[in-house]
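Please take a moment to look over the sequence and the model shown below. The paragraphs that follow lead from the whole chain to one contact between its parts, and then to a single sheet.

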Amino acid sequence: VSMQLLDGKKTNVFHYEAKLIKGKARNLSEIPGSYLGPVIKIKRGQKIRVIFKNNLPRESIIHWHGLHIPPEMDGHPMHAIDNGEQYVYEFTVVDRPGTYWFHPHPDKITGPQVYRGLAGLFIIEDELKGLPSGEYDQPLVIQDRSFDSDNQLVYVEESPMQRMQGFLGDQIFINGKKNLTQNVNKGTYRFRILNGSNARIYKLAWSDGSELKVIATDGGLLEKSLNKPYLMLAPGERVEIWKDFSDFKPNDNVTLESLAFNSGTSMGRMGGGGMMGNMGGGMMGGNSPGRNGEAMELYTFIANEDKGKSLEIPQTLSQIKEIEPTKAVNYDSPKQFHFYNERMNWVINGETFDMEEVADWEKVKLSTTEVWQFINGDDGSGMGMMQDMMQLPHPAHIHGLQFQIIERDISGMDADVWNSVKDGFIDKGWQDTFLLMPGMKVKVVMSFRDFTGKYIYHCHNLEHEDMGMMRNYEVL
Ligand code: C2O
Ligand code: CU
Ligand code: CU
């Protein structure tokens, strides 16, 4: 990737090739020792040009997750380029300051490409002063991986049941590195957390039982900070937390953990000793992949001797303009999107991905507002027990815009499942991805602005996406 800032004044060109950055740049920095791509930092209003040259043996295309940009710039799989070709992106950054990211998006092979390291952060810099900055403003990209006895990455290609569930690794990587501890000064930090895993969902919590202080979601700062005992973070989602280590004594430490939770029906629930566990040798193909919802330690912070700045969370972090749902053209009859499994295919309203196809219910008008309801489960016409056994969590994601969550209906959920996750949702602020647990129904409101054309929406469990749990929507 080479990138150019087109803000009128300076024209900086940076090169990023095979994870090597030539030249130093404030706008494009590497996380030392990481397999991840560069961190692109940019201000709202700036225009950039990014040249993506595909040196992979397979086709690929880069998607800018969370950004409001024209369809040709969004990395739709129809724009995938072959080995040796290049794609030139040029767009103006109009989104709110916040933590966004980029990753490949070719049809059917997004999962393996992201898994092998192709992803990076796209940070739109703050406009608010007084937040932790410099080394006190840190990304935490959480990913899981598995290795064989030769220390080579293992993926799910060979195992249909693992693919069905989505890839779950047994080792955690933070910021593309295996080192899971970090020294911190006795000061206040801001952590920009991205769940960059293919399929693993985290139930984030501090090991000392202190609350998580949440300051931002996918689309940037909240109006006010929120305290949470734990947070559910599904693949693709971002959340930013505030952490003050000022009271720590040297060598005091605290671990960011993922707590156990009940991820739903059979495949999730029985991963350990149940039905799926027993099939481990056969269907799962060798090593049991574990399951979504098992407890894991993620990252440990150890205080050192140095003092840092101690900061208070600003009373008002940002202004959030709420979209009035009654302004939606379909407020009385929201469109419904059922995510479920049908005859071993992951489908949305019974359909799988087609490069060009757009159904009537996937067409929207430019400059209108709509309410969409996402439902984890079929419309009642399903196949009973088999359908039920294959009910898994789905992180739903819509390209090209940010939306607001206006309702999370749990009436169709298993009480155990709900109780194990219920305090972990932030249905405030701007989002582009949200966790849809089995039986859950979530309503979002959004406006279709500025650009016409085809975008996609999909499950951000990347194996589900690759299996076709993805569709076009078209702004007309
Ligand atoms: Cu990060 Cu289409 O997604
Ligand atoms: Cu996206
Ligand atoms: Cu899914």
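Into which domains is the protein divided? In this predicted model, the division gives domain 1 (2-124), domain 2 (134-307) and domain 3 (325-475). Across the protein, the secondary structure comes to seven helices and 31 strands, and 47% of the 476 residues count as buried. Among the contacts with a separation of 6 or more, 79% are made by residues 24 or more positions apart.

Turning to the contact between domain 2 and domain 3, 34 residues take part from domain 2 and 33 residues from domain 3. On the domain 2 side, the elements that give two or more residues are α2 (160-165), β16 (212-217), β17 (220-228), β18 (231-233) and α3 (266-269), and of these β17 provides the largest share, with four residues. Sorted by class, this side of domain 2 holds 15 nonpolar, 14 polar and five charged residues.

A sheet can be followed strand by strand next. Five strands form an open sheet in the order β23-β22-β25-β29-β27, and their pairing is mixed. Its edges are β23 (345-348) and β27 (404-409), each of which pairs on one side only, while neighbouring strands are turned against each other by 20° on average, direction ignored. At one end of this order, β22 (residues 335-342) runs antiparallel to β23 and is joined to β23 by four bridges; here Asn341 stands opposite Trp346 in β23.

Note on methods: Residues are numbered from 1 along each chain as its sequence is written. Chains are lettered from A and ligands numbered from 1 in the order in which they are written. This is a predicted model: local features need pLDDT of at least 70, side-chain atom pairs count only at pLDDT 80 or more; totals for chains, interfaces and linings use all residues. Two strands pair if DSSP finds at least two bridges between them. Axes are lines fitted to C-alpha atoms, for helices over the stretch in contact, and angles run from 0 to 180 degrees between N-to-C directions. A residue is buried if 20 or more other C-beta atoms lie within 10 Å of its own, exposed if 12 or fewer, and partly exposed in between; C-beta atoms are placed from the backbone. Two residues are in contact if their C-beta atoms, placed from the backbone, lie within 7 Å. Domain bounds come from an automatic or database domain assignment. Ala, Val, Leu, Ile, Met, Phe, Trp, Tyr, Cys and Pro count as nonpolar, Asp, Glu, Lys and Arg as charged, and the others, Gly among them, as polar.
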